[in-house]
Amino acid sequence: MTQRASGILVHPTSFPGKFGIGDLGSGAYRFMDFLARAKQSLWQILPIVPTSYGDSPYSGLSAFAGNPLLISVEILEKEGYIAAKSLEDTRDFPEDYVDYPRARAWKMELLEEAFANFSKHAKPQEKQDFESFCKLHQEWLEDFACYVPLKAEHHDQPWNAWTTALSLREPAALNKWKTKNEAKIEFQKFLQYQFFRQWKNLKTYANERGIRIIGDIPIFVAYDSADVWAKSNLFTLDSKGNSTVVAGVPPDYFSSTGQRWGNPLYRWDVMEKNGYQWWKDRIKCLLDLVDIIRIDHFRGFEAFWEIPATEPTAMNGKWVKGPGIRLFDALKNSMGKLPIIAEDLGVITPEVEALRDESGFPGMKILHFAFFNGKNNPYLPFQYDKNTVVYTGTHDNNTTRGWFREIGDEDRQRLNQYAGYEINEYNVCEALIRMASASTSLTAIIPLQDVMNLGEQARMNYPGKAEGNWKWRYCDDMLTDSLADWLAHITDIYQRG
């Protein structure tokens, strides 16, 4: 990213529509038209992996697969794989939030119908395309396509609670199960084929309008995932497959006891011996779907917080050195210059900054962090290096309007002084959007909630809270031409068009 640009952060689940959850259908395409009219050149998303408990995109069932709930059933109906009458009963889904259990149950019925019709009526070229997709992604797809039905068969338990022979992938037992469950495996492959196909079509539509997509990779993967089940030698597990240590962060801005994420940690020594192939595969797979990648918790590559698996919180952990520049050198040698944004928030040391700078990746700046701790706060816009990405807030923060209601009088006074006029909850979003746009950062990203001037009810995530997150959706009439024109005006003023 070498030119001034701006964009919007919103996850596809937040798109409007009558099917219970945002997807890759008409709502997504209308949003691309909105971005183009608003002269935005970037769309940032959260991870698009299939989710499990808590519906968090940062705790997916796979580091490679796409979330089948994002598949547009409207598109499948137009292609003849779902009957029009099947879409008539939308079951009165709420418009402004995702009811995941209901949306998942209803949508999976429709996707099963689509699979049945595809199996019976797909044209030879369509079946050939499906077979080619399966062959291209075989390295991860086969394991994932087994993992989902196996998990369902074991009452949705993670893999270490399955029958021992299957949890430990004993060849005879696994092959026997595959033979009995070929249709279930094929269905999962079909879902991935449709997801990748619909996503690539949407990406083409965006790119043709000058919009690049910023994807998101969590540094760690979920224990309850096909990745850990299939590649257990790459993770810190005991002989029975249980984690010995887990990931998290020490006490910080978000939590006084830290965050015990519970993800298994990598065996970086093993990964290094095979040239970090798993990471190469992971990056390549996502770059097939997006143009730029934000890596969440970048500091973990320099050193990560290791917590004994028996500890209930993240307080009693220790910092352990990560792979450092060796990983990124291996990736660059394989793929060339990497379009990566380093999420460098939290406890950042000079060593982390050196790794980020040596890698050449832009870091992140958050305006919500700028108005406390006095005049030398590194998040104040005049402090920014050009090679940074500035945000008003992120998915882990409150909305800007909600944030303003929470901050103290001293912080509000500093905000007023910096802005040069009195800020209130009605103009605070515009004020911070202008600050971000006017900053020297080459890239400015604004959450859609802030563009819409929404309060805390539109917050996407509360870090450390296990349930009730990732639900926010906007309604179709909220994405107006006047809003796009206002954002285009701001973009022109600060030369980010």
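**Figure 1. Lys39 and Gln495, two non-glycine residues of this predicted model with positive phi.** Lys39 counts as partly exposed, because its relative accessibility is 39%, and its place is in the loop between α1 and β2. The phi angle of Lys39 is near 60 degrees, a positive value in a residue other than glycine. Gln495, which is not a glycine either, has a positive phi of about 55 degrees and is found in the segment after α18, the helix that spans residues 481–493. With a relative accessible area of 61%, Gln495 is exposed.

**Figure 2. The open parallel sheet and the helix α1 that packs on it.** Eight strands make up this open sheet, and their order across it is β9-β6-β3-β2-β1-β12-β11-β10, with parallel pairing. The edges are formed by β9 (340–342) and β10 (363–366), each of which pairs on one side only. From one strand to the next, the twist averages 25 degrees. Helix α1, comprising residues 26–37, packs on the sheet and touches β1 (5–9) as well as β2 (42–44), and the direction of α1 makes about 135 degrees with that of β2.

**Figure 3. The pairing of β11 with β12.** Strand β11, residues 388–391, pairs in the parallel sense with strand β12, residues 443–447, over three bridges. Within this pairing, Val389 stands opposite Thr443 in β12. In general, strands of a sheet pair through backbone hydrogen bonds, in either a parallel or an antiparallel sense.

**Figure 4. Strand β7 with its antiparallel partners β4 and β8.** Strand β7 (residues 303–308) is mostly covered, since five of its six residues are buried. Strand β4, residues 245–249, runs antiparallel to β7 and is joined to β7 by four bridges; here Ala247 stands opposite Glu306 in β7. Four bridges likewise join β7 to strand β8 (residues 318–321), again in the antiparallel sense, and in this pairing Ala303 stands opposite Lys321 in β8.

**Figure 5. Two aromatic pairs, Phe328 with Phe361 and Phe371 with Trp403.** The count of aromatic pairs in the model comes to 52. In the pair formed by Phe328 and Phe361, the rings are arranged edge-to-face, with 5.3 Å from centre to centre and 80 degrees between the planes. Phe328 belongs to helix α12 (residues 325–335), whereas Phe361 lies in the loop between α13 (350–359) and β10, so the pair ties together parts that are 33 residues apart in sequence. Both Phe328 and Phe361 are buried. The pair of Phe371 and Trp403 is tilted, because the ring planes stand at 45 degrees, with the ring centres 6.5 Å apart. This pair, too, links distant parts of the chain, 32 residues apart, with Phe371 in the loop between β10 and β11 and Trp403 in helix α14 (residues 400–406). Phe371 counts as buried, at 3% relative accessibility, and Trp403 counts as buried at 5%.

**Figure 6. Arginine side chains over the faces of aromatic rings.** Arg282 lies over the face of Trp279, at a distance of 5.0 Å from the ring centre. In a second example, Arg459 is placed over the face of Tyr462, at 4.2 Å from the ring centre.

**Figure 7. The buried surroundings of Gln449.** Gln449 lies in helix α17, which covers residues 448–451, and is buried, with a relative accessible area of 9%. A polar atom of the Gln449 side chain lies 3.0 Å from the backbone oxygen of Ala458. When residues up to four places away in sequence are not counted, Gln449 touches Leu9, Thr399, Leu454, Ala458, Met460 and Trp472. Ala458 is thus both a polar partner of the Gln449 side chain and one of the residues that Gln449 touches.

**Figure 8. His154 in the loop between α5 and α6.** The loop that holds His154 lies between α5 (138–153) and α6 (164–167), and His154 counts as buried there because its relative accessibility is 11%, under the 20% limit. The side chain of His154 reaches the backbone nitrogen of Thr163 at 3.2 Å. The residues that His154 touches, not counting those up to four places away in sequence, are Trp162, Thr163 and Leu166.

How values were computed:
Residues are numbered from 1 along each chain as its sequence is written. This is a predicted model: local features need pLDDT of at least 70, side-chain atom pairs count only at pLDDT 80 or more; totals for chains, interfaces and linings use all residues. Side-chain values use heavy atoms; hydrogens and water are left out. Two strands pair if DSSP finds at least two bridges between them. Helices (H or I, at least four residues) and strands (E, at least two) are DSSP runs, numbered from the N terminus. Axes are lines fitted to C-alpha atoms, for helices over the stretch in contact, and angles run from 0 to 180 degrees between N-to-C directions. Contact means heavy atoms within 4.5 Å. Rings of Phe, Tyr and Trp (its six-membered ring) pair if their centres lie within 6.5 Å; planes under 30 degrees apart count as stacked, over 60 as edge-to-face and the rest as tilted. Buried means under 20% relative accessible area, exposed over 50%, partly exposed in between (1.4 Å probe, protein chains only). A charge sits over a ring if NZ of Lys or CZ of Arg is within 6 Å of the ring centre and within 35 degrees of the ring normal. A polar contact is a pair of N or O atoms within 3.5 Å; within protein, one must be able to donate a hydrogen and the other to accept it, and residues adjacent in sequence count only if both atoms are side-chain atoms.
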